[in-house]
Amino acid sequence: MPEGRRAVTVTRRTVLLGLGAAALAGTGTAAYAVGVEPRRIVVTRYGIRTSAPWPAGRRLRIVALSDIHACEPWMPLGQIAEIVAVANGLGGDVIVLTGDYVAGMKLVTATIDAAAWAPVLGALRAPLGTFAVLGNHDWWDDRAAQRRGQGPTVAGRALEAAGIRLLENAVAPLDLGGATVWLAGLGDQLALLPARRRDATLRPGVDDLAGTLAQIPPGAPAILLAHEPDIFPRVPPRVALTLSGHTHGGQVSPFGHPIIVPSRYGSRYAYGHVREQTDLVVSGGLGMSGLPVRFGIPPEIVVVEMEAGDPAAR
């Protein structure tokens, strides 16, 4: 195994997904959940009229990819290239990646180095650019970053070398025909493994929401990228949209009821469009973690069309 990568241990999520896979096998759908649904790519579209600050008369089309989990045989480079081709054909003004590029499970025939998958993602093209944040597995699989308790990470360096801008508690302006919308990227909220967390002085994540948003001019339109959606209750109404992944929509979701969602909020932020104090879209992701099964929640690319709405409508 290359330096900077580590195997992912069995977790409660893995066990429960295993129970779900066993249940699927009992109903004769295991072959579909392993061999068919994970190979599908659907495009899920959302139209959001925000009452948060937004430039009048300006629309922004965002193409979002999440949870690729590159590995053999479940997410090989050829499949990633197909995803890139589909994403490039969706006419996005900007393309965003919301984390978890590495395998995330043991049941693989081979891991894929960041030096191999990142250049494939580097072929993503959009007029306003391609931006990324990291996910928990990008941190957990990086032994050197874990030892330091901080970045840079192997995955982050590879993304930047491929021409994708990494936003880790950082922001970038997007020019919408003379109007500026700020894109903010949050550091991962679960970056440090439990061995690091035994020190009560350490936080489990490297996220800094307040410090990140402080880089945006007061009253300016903003979009937040955050791998885990659990940050959403703390996101202020001034942020027009938060884009997340991490949950895979439950990954196994028979009859629309996910078996397990890796969130302290249960199914509240499991999948899709959520409107509370502002708007959140959680992608079902593209790859798999824990076990190589998907059922009821196919791999998806998300497209969000943002525009100004009625401030009084919320």
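# Briefing: a predicted chain with nine helices and 14 strands

Strands β8 (residues 170–176) and β9 pair in an antiparallel way, with seven bridges between them; two strands count as paired if DSSP finds at least two bridges between them. What you have here is a predicted model, in which local features need a pLDDT of at least 70, side-chain atom pairs count only at pLDDT 80 or more, and totals for chains, interfaces and linings use all residues. Residues are numbered from 1 along each chain as its sequence is written, and side-chain values use heavy atoms, leaving out hydrogens and water.

**Overall picture**

- The protein chain holds nine helices and 14 strands; helices (H or I, at least four residues) and strands (E, at least two) are DSSP runs, numbered from the N terminus.
- Of the 314 residues in the protein chain, 55% are buried. Here, buried means under 20% relative accessible area, exposed means over 50%, and partly exposed is in between, with a 1.4 Å probe and protein chains only.
- Taking contacts between residues at least 6 apart in sequence, 76% join residues at least 24 apart; a contact means heavy atoms within 4.5 Å.
- About 12400 Å² of the protein chain is exposed, and carbon and sulfur atoms supply 57% of that area. Accessible areas come from the Shrake-Rupley method with a 1.4 Å probe, and for residues only the protein chains shown count as cover.

**How far to trust it**

- The average pLDDT of the protein chain is 88, and 84% of the residues score at least 70; pLDDT is the predictor's confidence in each residue, from 0 to 100.
- Confidence is lowest in helix α1 (residues 12–26), with a mean of 47, and highest in strand β4 (residues 94–98), at 99.
- The pLDDT is below 50 over residues 1–24, a stretch that has 55 contacts in the model beyond near neighbours in sequence.
- Where pLDDT is low, the predicted coordinates should not be read in detail.

**Around strand β9**

- Six of the seven residues in strand β9 (residues 179–185) are buried, so the strand is mostly covered.
- On the β8 side, V171 has A184 of β9 as its bridge partner.
- Two residues lie between the strands in the β8 and β9 hairpin, where G177 has a positive phi near 60°.
- β9 also runs parallel to strand β10 (residues 222–225), and four bridges join the two. One bridge links W182 to A222 in β10.

**Helix α3**

- The 12 residues of helix α3 (residues 77–88) should span 16 Å at 1.5 Å a residue, and the end C-alpha atoms are indeed 16 Å apart. The expected span is 1.5 Å times one less than the number of residues in the helix.
- Q79, I80, I83, V84 and A87 are the buried residues of α3. They line one face of the helix, because they fall within an arc of 145° when seen down the axis of α3; the arc is that of the directions from the helix axis to the C-beta atoms.
- E82 and A85 are exposed on the other side of α3.
- β2 (60–65), α4 and β14 (300–308) are what the buried residues of α3 pack against.

**Helix α7**

- In helix α7 (residues 154–161), the buried residues are A155, G156, A158 and L159. Seen down the axis of α7, these fall within an arc of 165°, so they too line one face of their helix.
- R157 and A161 are exposed on the other side of α7.
- The cover over the buried residues of α7 includes β4, α4 (114–121), β6 (130–133), α5 (136–140) and β7 (165–166).
- G163, which follows α7, has a positive phi near 90°.

**Backbone details to look at**

- The peptide bond between E72 and P73 is cis, with omega about 0°, and P73 sits in the loop between β3 (71–72) and α3.
- A cis peptide bond also runs from G151 to P152, with omega near 5°; P152 belongs to the loop between α6 (143–148) and α7.
- N169 is not a glycine, yet its phi is positive at about 55°. This residue is in the loop between β7 and β8.
- H248, another residue other than glycine, has a positive phi near 60°. H248 lies in the loop between β11 (241–244) and β12 (272–275) and is buried, with a relative accessible area of 1%.
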